[in-house]
Amino acid sequence: MEKRNLFCLRTPTNTRMRTHTDERLLFGMSKKMMMIGELVKRMSDTDAPVLITGESGTGKELVAEVIHSRSPRKAGSFVKVHCATIPHNLIESELFGYEQGAFTGADRNKPGRLEFAHAGTVFLDEIATLPLLLQSKLLRFLQDGEFYRLGGREQVKVDVRIITSTNRDLEKLVTEREFREDLFYRLKVISIMVPPLRERAEEIPYLAHHFLRKYCSSFNLPVWKLSDRGLALLQEYTWPGNVRELENTMRKIVLVNDEEAVLHNLFNTPIKAENNFDTCGDCEESSLRDIAKKAALEAERRAIEKVLEQTRWNRTQAAKLLKISYKTLLCKIKQTGLDD
Amino acid sequence: MLEIRTDLLEESFFNYLVQLEILRAIRYQNYVTLLLMEPDQDVHDAAKLKEVGNVLKQELRTTDIIGRLNSIQFGAILVHADVKSACIASERLKNRIQEYFYRQDHGLTISVGGACCPDDSTDSMSLCTIAQRMLIAAKANGGNSIIFYLKGGGNEEPDAIS
């Protein structure tokens with residue numbers, strides 16, 4: 001290892017949207033996204049809070065990163081806080097920090113995430129999950145630019161720009177009194193709605209090829225080309241998980257090396273085949289008694305098969321193990337069709 | 001890695017560690033403070049510099065990082081220390097140096113400039129710049145002083161000139 005390498009630290013990538021091609025992939029592939037790209041460009045010299053809404057997996061975090069990297073604060077940090085993943089009772093200390101002695105276990109001063117975002121941007125993901133008490137504290141912070149740490153006696157002043165995102169209907173939450181109305185209006189000075197993938201289906205071929213190339217190169221495999229039929233199927237699907245689901249599907253195709261199977265599974269919703277005892281096919285017409293009978297037979301069949309394998313088809317021994325008579329065993333074997 | 005005359009870290013490795021500790025502070029949500037120190041009097045004696053280095057090593061924690069940055073400047077990374085604790089540590093350091101060299105020739109005092117992450121900056125280059133500025137201010141204050149930057153605008157400094 002060269003001495004020079006030892007002293008060069010990897011520069012932390014504040015944002016993932018490093019390259020021009022990445023940004024083009026996000027904003028340049030469909031009319032709706034292009035409009036959002038335009039909006040982002042137009043707001044590039046403001047500091048106003050932004051609220052990004054949209055279904056899960058549509059790229060809200062990426063949009064936030066681009067907003068930051070085009071803002072006057074691009075030299076500062078971009079701090080992400082995933083509110084949904086932090087336990088409710090810990091969010092306050094995570095965001096605002098605490099002072100030594102504030103509570104049992106607070107053995108040192110801990111700076112809050114907001115302090116690390118000073119002169120930069122903070123991205124609050126899933127703002128709808130913020131507890132009401134914290135919404136008030138956040139609102140106060142948005143108004144004054146100051147806050148108290150947990151157990152703190154002095155105010156801490158930080159200069160951050162706030163971008164928030166949610167996949168819930170915040171207006172509805174406001175009417176249900178789950179979200180503060182005043183905070184809502186403060187956060188959505190600029191509002192961006194990222195459309196779900198099915199409403200911008202023209203992007204799918206480009207995104208699919210991008211992900212295929214990405215995973216082929218990361219698994220060191222030759223580049224996979226989708227068949228025309230495969231591509232058509234992709235565009236038909238509704239993509240409830242949006243771009244994230246598309247990415248995972250492409251990854252699966254590359255790993256499994258089988259486009260047909262993966263796409264076939266995609267269209268068969270897994271919810272139907274959940275019940276393992278549903279081996280009787282469509283038993284919608286049958287009565288409950290018939291279903292119970294069929295289920296019992298199936299269970300017996302499995303048990304007998306297992307024991308027979310154990311005793312290597314020695315039926316006398318099997319009968320003994322199952323605690324039934326030899327005759328009954330033969331009868332059951334015939335009934336359940338094990339003898340064919 | 002270690003500088004020959006003082007047995008402290010060389011400049012390039014020290015800078016690498018500044019970057020690393022800042023990354024750690026951000027990741028694990030801790031404080032980290034950078035101190036820059038310079039003797040107020042001219043020191044030509046290599047042995048004397050080594051003694052200064054030794055006092056630094058004794059007074060600061062074993063987990064703090066100390067380096068020699070150029071012919072007269074020393075640096076220290078105080079891990080998990082916010083501005084208050086760093087002030088206390090610098091105060092102790094300054095006094096210790098003053099005591100230690102009291103009976104020698106003309107005595108020796110140091111000036112200290114400090115900057116804290118995340119309070120002052122979360123970037124290593126600007127943290128170093130701020131600490132440098134604080135050191136210059138400490139020198140301008142007559143020496144034997146410690147200056148940290150307070151966001152509100154004022155500078156915090158404990159002391160008087162001796």
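Begin by selecting chain A and chain B together: the area buried between them is about 1,800 Å², and carbon and sulfur atoms give 53% of that area. Keep in mind while you look that this is a predicted model. The size of an interface is often given as the accessible area lost when the parts come together.

Next, colour the residues that make up this contact, where you should find 20 residues from chain A and 22 residues from chain B. Which kinds of pairing cross the boundary? Between chain A and chain B there are nine residue pairs in polar contact, both residues being at pLDDT 80 or more, whereas the rule finds zero salt bridges across this interface.

Now hide chain B and turn to the side of chain A that touches chain B, to which α5 (88-96), β4 (110-111) and α6 (113-116) of chain A each supply at least two residues. Of the elements here, α6(A) gives the most, with three residues. If you colour this side of chain A by residue type, you will see seven nonpolar, five polar and eight charged residues.

For the last stop, select helix α12 of chain A, residues 242-256, and pick out Thr249(A) within that helix. Is Thr249(A) buried or exposed? Thr249(A) counts as buried because its relative accessible area is 6%, and the cut-off for buried is under 20%. Show its neighbours as sticks: leaving aside residues up to four places away in sequence, Thr249(A) touches Trp239(A), Val262(A) and Leu266(A). Finally, look along the helix to Glu245(A), whose backbone oxygen lies 2.6 Å from a polar atom of the side chain of Thr249(A).

Terms used:
Residues are numbered from 1 along each chain as its sequence is written. Chains are lettered from A and ligands numbered from 1 in the order in which they are written. This is a predicted model: local features need pLDDT of at least 70, side-chain atom pairs count only at pLDDT 80 or more; totals for chains, interfaces and linings use all residues. Side-chain values use heavy atoms; hydrogens and water are left out. Contact means heavy atoms within 4.5 Å. Buried area is the accessible area (1.4 Å probe) that two parts lose on being put together, summed over both. A salt bridge is a side-chain nitrogen of Lys or Arg within 4 Å of a carboxyl oxygen of Asp or Glu. A polar contact is a pair of N or O atoms within 3.5 Å; within protein, one must be able to donate a hydrogen and the other to accept it, and residues adjacent in sequence count only if both atoms are side-chain atoms. Helices (H or I, at least four residues) and strands (E, at least two) are DSSP runs, numbered from the N terminus. Ala, Val, Leu, Ile, Met, Phe, Trp, Tyr, Cys and Pro count as nonpolar, Asp, Glu, Lys and Arg as charged, and the others, Gly among them, as polar. Buried means under 20% relative accessible area, exposed over 50%, partly exposed in between (1.4 Å probe, protein chains only).
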